[in-house]
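Biologist: Let's go through this model together. I will ask, and you reason it out from the structure.

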Amino acid sequence: MSTPGGSGPTGVPGSGPSGAQPPEGNWPRSMVAHGRRRWIAALLAVVLAAVAIVAVVNLNRAGSEAQPAATQTASPTPTPSETPTETTPAPPPPPPPIPEHPAVPMNVLVIGSDMRGVAKDAAAHTAATGEPMDHRADTLMVVHVPADRKALYIVSINRDTWVDIPGFGGAKINAGLQYGGIDMQVAAVQSLLGITIDHTLMLDFGGLKILTDGLGGIDVNVPVPFQSTHDTRHVFGPGTNHLDGQAALEFARERYAFSDGDFQRVRNQQILLKAILARLTAGGALHDVTAVRSLVEFASCCLTVNKGFDPIQAAILAYSLRNLDPNAIGTMTLPTAGSGFVAGQSVLFPDYGGIAAVGAALREGRIGEFARP
């Protein structure tokens, strides 16, 4: 049995049955100092153990982050502040280039049908059945394209020129389209001039209006002012006129307002074609591959072309004219030997000598001697 203030059986203060420790002031100083040292040592041990645990955890985390991606068990989750980076889409590839047209001269026959309907369908019907259709070639132009493509020459043929049409017989040259379609019309022109027609382009009334409006209208220089006798009776003043599709059609059709009739109409048709070509080449538009392809696609709605002259070939030809100078387009009308009547029809007789000279110039690349800007 212990006494107050004494030691228990173990000799440790406060180890009595109650486990209560006596006030520090009652301990001997040596024991108090020794107890403080033991608590400080224990506290340091706990701190060192905690530091060691934290170090081990961090070391393991660093090791897992250094592993290859395939061996990691979880991917880091981006914090809310992280935003995905935006990627700029790659630009579209450039359009494929248009091949260069062979550097050879060619003759293109431009036919303006007087049909109010769709001339393409009428020509196809004649080609398939051999039946004539009610349309004639109001416009006939041989467009000569030189090998260097820097100029064009337009040779117009009056529609009333009396000729022998292969496969038909004597008639006005514009009747070839009616009785034998495009093929017979081409044969008549080739026979008259002694040349080869390489391609044909046919346009009807509706097609001319659509094409002109699609170009935003065209500017023509009117040399002889007049009022149309057709449709809206449009008034064409002297000098530059901006024409929409309907006005362009009336400009190309008119002959009754002129003292020389069809001769002035032919000159106006040449002015109109030159204005269209000038509009197409304005601002270097034919240098743009995309613009050329769009133009050909648009014009395909209005033009009838020969079978071998598909949109690709048309684009190649159009692109080859990118350096064309509109001021270097020469024009002329095939010479005639006066007018008269045949079988009750008012006709123009061909000047065969003059026509032979023009045909030779076309074949030999000398048409610039006759057709001048």
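Biologist: Which residues of helix α2 are buried, and why do they count as being on the same side?
Modeller: This is a predicted model, so we read it as such. The arc the buried residues cover around the axis is only 95 degrees, so they sit on the same side of α2. The buried residues of this helix, which runs over residues 119-129, are A119, A122, A123 and T126.

Biologist: Which exposed residues does the other face of α2 carry?
Modeller: Look at the face turned away from the buried side of α2. Exposed means over 50% relative accessible area. The residues there that count as exposed are D121 and A128.

Biologist: What do the buried residues of α2 pack against?
Modeller: Contact here means heavy atoms within 4.5 Å. Two strands and one helix are the partners: β1 (106-113), β6 (199-203) and α3 (175-193).

Biologist: Which residue follows α2, and what is its phi?
Modeller: The residue after α2 is G130. Its phi is positive, near 80 degrees.

Biologist: Is R149 buried or exposed?
Modeller: R149 lies in the loop between β2 (137-145) and β3 (152-156). It is not a glycine, yet its phi is positive, about 60 degrees. Its relative accessibility is 4%, and the cut-off for buried is under 20%, so R149 counts as buried.

Biologist: Now R233. How does its accessibility class come out?
Modeller: R233 is in the loop between β8 (226-227) and β9 (235-236). Its phi is also positive, near 55 degrees, in a residue other than glycine. Relative accessibility is 46%, and between 20% and 50% is the middle class, so R233 counts as partly exposed.

Biologist: Which backbone oxygen does the side chain of N241 reach?
Modeller: N241 is in strand β10 (residues 239-243). At 11% relative accessibility, it counts as buried. Leaving aside neighbours within four places in sequence, N241 is in contact with residues including I218, D219 and F236. At 2.9 Å, its side chain reaches the backbone oxygen of G239.

Biologist: Next, the largest pocket. Which helix gives the largest share of its lining?
Modeller: The space in this pocket is about 1,100 Å³. Its lining has 45 residues, and among those nearest the centre are V110, L201 and L303. Eight lining residues, the largest share, come from helix α6 (residues 262-281).

Biologist: How many residues of that lining are nonpolar?
Modeller: Sort the lining by residue type. Six residues are polar and six are charged. The nonpolar ones number 33.

Technical notes: Residues are numbered from 1 along each chain as its sequence is written. This is a predicted model: local features need pLDDT of at least 70, side-chain atom pairs count only at pLDDT 80 or more; totals for chains, interfaces and linings use all residues. Side-chain values use heavy atoms; hydrogens and water are left out. Helices (H or I, at least four residues) and strands (E, at least two) are DSSP runs, numbered from the N terminus. Buried means under 20% relative accessible area, exposed over 50%, partly exposed in between (1.4 Å probe, protein chains only). The arc is that of the directions from the helix axis to the C-beta atoms. A polar contact is a pair of N or O atoms within 3.5 Å; within protein, one must be able to donate a hydrogen and the other to accept it, and residues adjacent in sequence count only if both atoms are side-chain atoms. On a 1 Å grid over the protein atoms alone, a cavity is a set of points where a 1.4 Å probe fits but cannot get out, and a pocket is an open set with protein on both sides within 12 Å along at least five of seven lines; lining residues have an atom within 4 Å of a point. Grid points are joined across faces, edges and corners, and a volume is the space filled by probe spheres set on the points. Ala, Val, Leu, Ile, Met, Phe, Trp, Tyr, Cys and Pro count as nonpolar, Asp, Glu, Lys and Arg as charged, and the others, Gly among them, as polar.
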